[in-house]
There are 2 protein chains.
Amino acid sequence: MSTYQVIFQPSGRRGRVEEGKTLLEASRELGVDIEAVCGGAKKCGKCKVKIEEGFFEKFNIDSKMGNLSPFQPEEEGKFITEEMIGDGYRLACIAKVQGDILVFVPEESRGATQVVLEIGKEGRVFNLDPAVTKYYVELKPATLEDHTGDYERLAEALHKKYNLPPNLGIDYFCLNQLPNVIRDGNWNVTATVWNDKEIIHVESGLVEKCVGLAVDIGTTTVAAYLCDLKTGETLVRDSMMNPQVRYGEDVLSRITYHMMNDDGMEKMHNAIIEGLNTLAARMTKKIDMTPNDILEVTLVFNTVMQHIALNIDPKFVGRSPFTAGVKSSLDIKARDLGIKVNRCANVHTLPVEAGFVGPDNVSVLIAEEPYKQDKEIRLVIDIGTNGEIDVGNSKKLMCTSCATGPALEGAQIKFGMRAAPGAIERILIDPESLEPTYKVIGKEEWYPDIEKTDAKGICGSAIIDIIAELFKTGIINKSGRFNLKQLEAKTPRVRKGEDGRPEYVLAWAKETSIGKDVTITQGDVRAVQLAKAALYCGAEYLMEKYGVNKVDSVTLAGAFGSYIDRESALTMGMFPDCELEKVQAVGNAAGDGAKLALLDRGKRKEAMEVAHSVEFVETAVEPDFQDRFALAMAFPHATHKFPSIQHILDKIPKR
Amino acid sequence: MSTYQVIFQPSGRRGRVEEGKTLLEASRELGVDIEAVCGGAKKCGKCKVKIEEGFFEKFNIDSKMGNLSPFQPEEEGKFITEEMIGDGYRLACIAKVQGDILVFVPEESRGATQVVLEIGKEGRVFNLDPAVTKYYVELKPATLEDHTGDYERLAEALHKKYNLPPNLGIDYFCLNQLPNVIRDGNWNVTATVWNDKEIIHVESGLVEKCVGLAVDIGTTTVAAYLCDLKTGETLVRDSMMNPQVRYGEDVLSRITYHMMNDDGMEKMHNAIIEGLNTLAARMTKKIDMTPNDILEVTLVFNTVMQHIALNIDPKFVGRSPFTAGVKSSLDIKARDLGIKVNRCANVHTLPVEAGFVGPDNVSVLIAEEPYKQDKEIRLVIDIGTNGEIDVGNSKKLMCTSCATGPALEGAQIKFGMRAAPGAIERILIDPESLEPTYKVIGKEEWYPDIEKTDAKGICGSAIIDIIAELFKTGIINKSGRFNLKQLEAKTPRVRKGEDGRPEYVLAWAKETSIGKDVTITQGDVRAVQLAKAALYCGAEYLMEKYGVNKVDSVTLAGAFGSYIDRESALTMGMFPDCELEKVQAVGNAAGDGAKLALLDRGKRKEAMEVAHSVEFVETAVEPDFQDRFALAMAFPHATHKFPSIQHILDKIPKR
């Protein structure tokens with residue numbers, strides 16, 4: 001049989017291919033990735049390629065349309081317009097090699113590989129390789145002579161067409177629907193396969209949509225992302241308060257609730273599962289899908305949230321020697337957890353590092369990848385009710401956790417709220433007039449450019465802003481106390497509140513949608529001080545253990561709304577000094593990591609590796625913790641120097 | 001380091017062993033299987049061995065007690081009595097090699113390998129190698145320095161002590177109990193591992209009991225066996241009517257019920273699952289256990305019963321081309337099927353051959369092993385509502401199925417009943433007086449040796465007896481008709497029944513516990529004729545396809561009670577002629593196969609192999625089926641010769 005020279009552009013891959021093979025077959029032989037959702041069944045039209053004619057001289061081949069088999073009715077009209085025909089388009093699954101040919105694979109026909117997850121300013125690049133993939137097959141109908149069972153017929157077809165393992169398993173609840181699904185599709189079906197191991201879903205005919213759900217279960221906030229597993233795109237993002245908040249504000253109080261109440265664990269477990277079910281239902285509804293369409297779920301959480309969500313007794317995590325019931329990553333059937341997505345879907349949880357440093361920090365690490373940094377020593381802080389801190393690079397990585405409390409997420413703050421429409425998300429205070437300008441989520445313009453802002457409260461990023469601004473303008477002093485006496489006369493915004501303690505009025509009642517002055521109180525300032533002191537001390541100890549007194553960069557992550565302002569964070573002393581331009585806020589990196597683990601199996605492997613290699617340090621048990629904590633309560637710190645923001649500190653009015 | 005000669009008896013295995021190794025370690029090195037449930041943790045006392053002193057000359061070694069390390073307190077009293085010490089007993093896990101030694105391993109200390117499953121006269125020999133095994137481990141308690149998770153600690157210990165795979169999985173519902181189970185057992189636990197793959201149960205401390213359930217789900221009868229997976233012993237046997245009987249008497253009428261009723265499938269599925277749950281509960285109760293103790297289940301059934309039990313639509317099995325939804329063997333979590341045993345237990349189903357020839361025939365084949373027969377050509381008949389027939393040997397094996405109907409199991413028979421106390425199980429009729437002698441289950445003596453027999457009805461084995469006896473004594477003729485006119489005057493036992501049709505009185509009302517005459521009616525005879533003709537035709541066609549007109553042996557299996565009488569079976573013409581002494585009744589071979597698959601993983605592999613290799617023949621579609629069926633209705637057959645029982649046939653009185 002004759003062979004011909006086939007070259008694929010833009011990759012430039014080339015080789016000799018037997019006459020009569022389709023371009024799709026040729027592309028596979030030569031290692032070129034052409035999208036073909038239907039697997040070459042002439043159904044999906046995704047494998048469009050363009051024939052480059054007349055490249056004889058450059059490539060030493062005589063490429064022309066006539067070197068391919070003639071046009072077929074399946075190509076014309078439906079998939080390739082008349083205009084495209086003129087431009088040399090063909091379907092790779094139909095056109096057969098009959099001579100030397102040069103093929104251009106357009107962007108949209110290239111098998112997706114590298115994808116960018118969009119976050120704030122930059123993106124995270126990853127391989128799109130999700131744990132679940134859909135495969136379309138056309139089965140040979142059963143006959144009296146062919147006694148193959150339905151399942152065996154499907155498994156064999158998947159093996160032959162897609163080279164999946166011959167002993168592919170099948171989820172029982174998928175199997176028991178199989179005979180009807182196959183016949184409803186007239187022997188053409190789309191099978192969803194999990195990890196090249198198990199058929200978890202079979203649909204009649206060709207189905208392309210394939211979605212998964214990534215969730216970051218924080219102590220206070222639950223952030224969820226519905227993702228397209230074919231493109232890597234985030235289709236819907238949503239969040240809610242963790243419904244367990246009513247049982248305790250932080251991880252230790254949740255453990256206590258469980259130990260004090262016989263049904264405490266059951267209540268908290270059910271609360272988060274119901275929360276997940278609510279999110280799955282309302283998120284799929286937004287894009288006209290149902291929870292049944294969700295075929296894979298990834299979950300990240302701190303160790304205590306993990307134990308409660310998985311209904312594993314967390315009390316041993318909370319007491320010395322702080323032992324987790326399980327540290328490995330897990331794949332659990334959604335139905336066994338009571339999570340109402342596709343009943344055959346799996347829930348993948350990332351691994352625990354140690355103590356309270358759980359899958360959520362692993363998630364931050366696989367998103368931020370400090371272990372890929374060769375020289376720079378990075379400080380990565382994930383700000384949550386339970387804060388997690390990492391220091392290091394590819395040579396060594398250490399981690400710890402600290403009890404931050406929920407203040408930075410808006411809880412325990414008088415007017416604190418989730419980052420949702422109506423939340424003040426950004427604030428500046430004029431150092432002379434002490435008047436604020438602020439921005440509310442859902443409004444384009446800032447106050448006072450608009451008078452009615454409909455503000456309802458303050459979300460995390462603004463809480464950090466306002467504390468920094470109060471300090472920079474001398475409204476509060478280094479120790480966090482309001483300079484009430486000096487300022488009461490100067491501005492009505494600084495006043496005694498109903499409880500007799502000082503407060504600052506951010507928004508007057510008439511600007512808001514709640515008919516009340518939105519204020520930040522002395523109590524709020526104290527709550528933030530406790531939180532930032534915990535983070536500061538954690539970072540300080542960790543850097544000491546690591547053997548550095550200054551890091552090269554700081555990454556701030558957290559699920560508290562929009563990106564926090566690095567200057568505000570450093571000015572209030574949330575972490576030891578660092579060049580300001582080397583401080584970066586990256587939003588909810590734990591959520592990004594959950595998405596990455598949903599979209600790329602390689603990231604799951606990376607997660608297990610980093611969870612094993614990162615070195616855990618217990619900092620809260622250090623003998624001088626109390627003393628250090630007290631010093632770190634001050635803005636930015638009682639004794640430490642902050643050369644990077646000295647120019648800002650110098651400008652603070654003395655009162 | 002010195003080495004010494006160690007010899008184990010009775011196996012005779014020997015070798016040099018390093019000084020200081022325990023006898024248990026030595027036995028493992030030399031490939032001797034000593035029972036040690038606790039894995040050498042000095043807890044179970046199972047590894048008793050006897051030191052044979054003074055065998056210097058015979059074995060050229062100087063064996064004496066002094067060649068072992070001294071007695072330890074753990075050995076004395078609790079496990080080894082004073083008398084045993086004198087006899088030279090030691091625990092192999094404690095005694096260390098300090099010189100040449102000859103060790104006798106008593107029967108009870110030998111690791112169980114070959115076990116006999118008792119059936120009727122003979123036994124089935126198999127390897128005791130169940131899919132679930134219990135392992136005892138003593139874990140190192142967690143410390144602040146050791147951050148290992150509970151699950152990882154357990155998996156590592158199982159790997160180190162028992163060489164189980166390092167990546168052993170764990171069932172989610174087992175994992176979520178783990179932290180408390182480990183601490184309740186003070187870090188000593190017994191883990192049940194399924195197929196060397198997954199931890200499915202963890203119990204505090206050392207637990208030895210390990211039971212499984214094998215069930216043969218027939219169309220009419222469900223037979224269940226609760227087995228000890230440590231010894232292979234059958235602890236409890238039980239049976240019930242298949243609760244689906246109310247929805248249809250045979251497989252086709254069940255399929256019809258499903259197709260005619262929207263909730264038909266749900267009802268039938270739930271009925272059998274509830275039936276299994278009832279059996280599991282009452283069988284475990286008999287030995288003071290609970291269903292939670294059942295850690296593995298094997299199920300066999302015909303293809304339609306399989307589909308209904310697994311909630312897979314059976315309608316495509318019932319219509320051409322008779323395609324099964326799944327043919328492979330399956331492992332399904334019991335909880336997913338709603339079967340209330342241990343929630344982490346697996347249910348193993350044997351594979352389907354083809355059409356209606358399902359896992360139950362595979363089960364008969366792995367029990368009877370005709371594929372291990374090199375020369376003899378065997379005919380194996382499994383008599384049930386759906387009959388399955390196999391012909392062949394190691395060279396070739398063929399199978400078919402036939403619609404026998406439930407008559408031979410006692411259904412459709414006026415006084416038919418399950419083999420239970422009160423059922424007549426054996427009958428002879430005197431050719432002169434036409435008086436019966438019969439035996440009732442639960443009574444030692446036969447009627448008329450006892451007058452009050454408390455008979456309630458007739459079970460399968462007696463139904464076959466009585467038809468054969470009625471024919472042999474000329475009460476019914478070759479065509480199955482009662483010789484009413486000739487005999488009415490001769491004996492009151494032959495009479496017209498309430499329906500005006502002839503019947504034979506087996507037991508007078510006063511003998512019974514139901515206060516009614518127990519009779520066999522003309523209708524009963526017809527039902528048996530239909531059943532035996534179906535079996536005969538199936539065998540006849542199969543032998544034709546196979547290319548033999550006589551088989552070397554016949555094996556009769558079925559779940560209809562006690563072993564059927566071969567002479568009765570052949571006299572009524574249940575199968576083509578065969579030497580009478582080569583006909584063997586083996587009871588419920590399908591049930592035995594289910595037990596074997598429960599107790600020996602090797603049998604599961606054998607099942608997959610034979611299901612693949614046996615050749616399925618569809619006989620009911622043959623064009624001359626009706627004609628052949630009519631001829632086979634006669635006793636023993638309208639035209640075929642039966643030289644093996646000619647002497648019996650010759651004695652039948654002409655009436």
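How many bridges join strand E8 of chain B to strand E10 of chain B, and do the two strands run parallel or antiparallel? In this predicted model, seven bridges join E8(B) to E10(B), residues 188–194, and the two strands run antiparallel. The points below take up this pairing, then the sheet of chain A, and finally the relation between the two chains.

**Strand E8 of chain B**
- Within this pairing, B:Val132 stands opposite B:Trp194 of E10(B).
- Strand E8(B) spans residues 132–138, and because five of its seven residues are buried, the strand is largely enclosed by the rest of the structure.

**The sheet of chain A**
- Four strands of chain A form an open sheet in the order E8-E10-E11-E9, and their pairing is mixed.
- The edges of this sheet are formed by E8 (132–138) and E9 (169–170) of chain A, each of which pairs on one side only.
- Strands E10(A), residues 188–194, and E11(A), residues 198–204, run antiparallel and are joined by six bridges, with A:Ser204 in E11(A) serving as the bridge partner of A:Val189.
- Helix H4 of chain A, residues 150–162, packs on the sheet and touches E8, E9, E10 and E11 of chain A, while its direction makes about 100 degrees with that of E8(A).

**Relation between the chains**
- A turn of 180 degrees, with a shift of 0.1 Å along the axis, lays chain A on chain B with an RMSD of 0.2 Å, and the two copies are thus related as by a two-fold rotation axis.
- In chain A, the C-alpha nearest the axis belongs to A:Asp336 and lies 4.7 Å from it.
- The same surface serves both copies, since 100% of the contact residues of chain A recur in chain B.

How values were computed:
Residues are numbered from 1 along each chain as its sequence is written. Chains are lettered from A and ligands numbered from 1 in the order in which they are written. This is a predicted model: local features need pLDDT of at least 70, side-chain atom pairs count only at pLDDT 80 or more; totals for chains, interfaces and linings use all residues. A residue is buried if 20 or more other C-beta atoms lie within 10 Å of its own, exposed if 12 or fewer, and partly exposed in between; C-beta atoms are placed from the backbone. Two strands pair if DSSP finds at least two bridges between them. Two residues are in contact if their C-beta atoms, placed from the backbone, lie within 7 Å. Axes are lines fitted to C-alpha atoms, for helices over the stretch in contact, and angles run from 0 to 180 degrees between N-to-C directions. Copies are superposed by least squares on the C-alpha atoms of residues with pLDDT of at least 70 in both.
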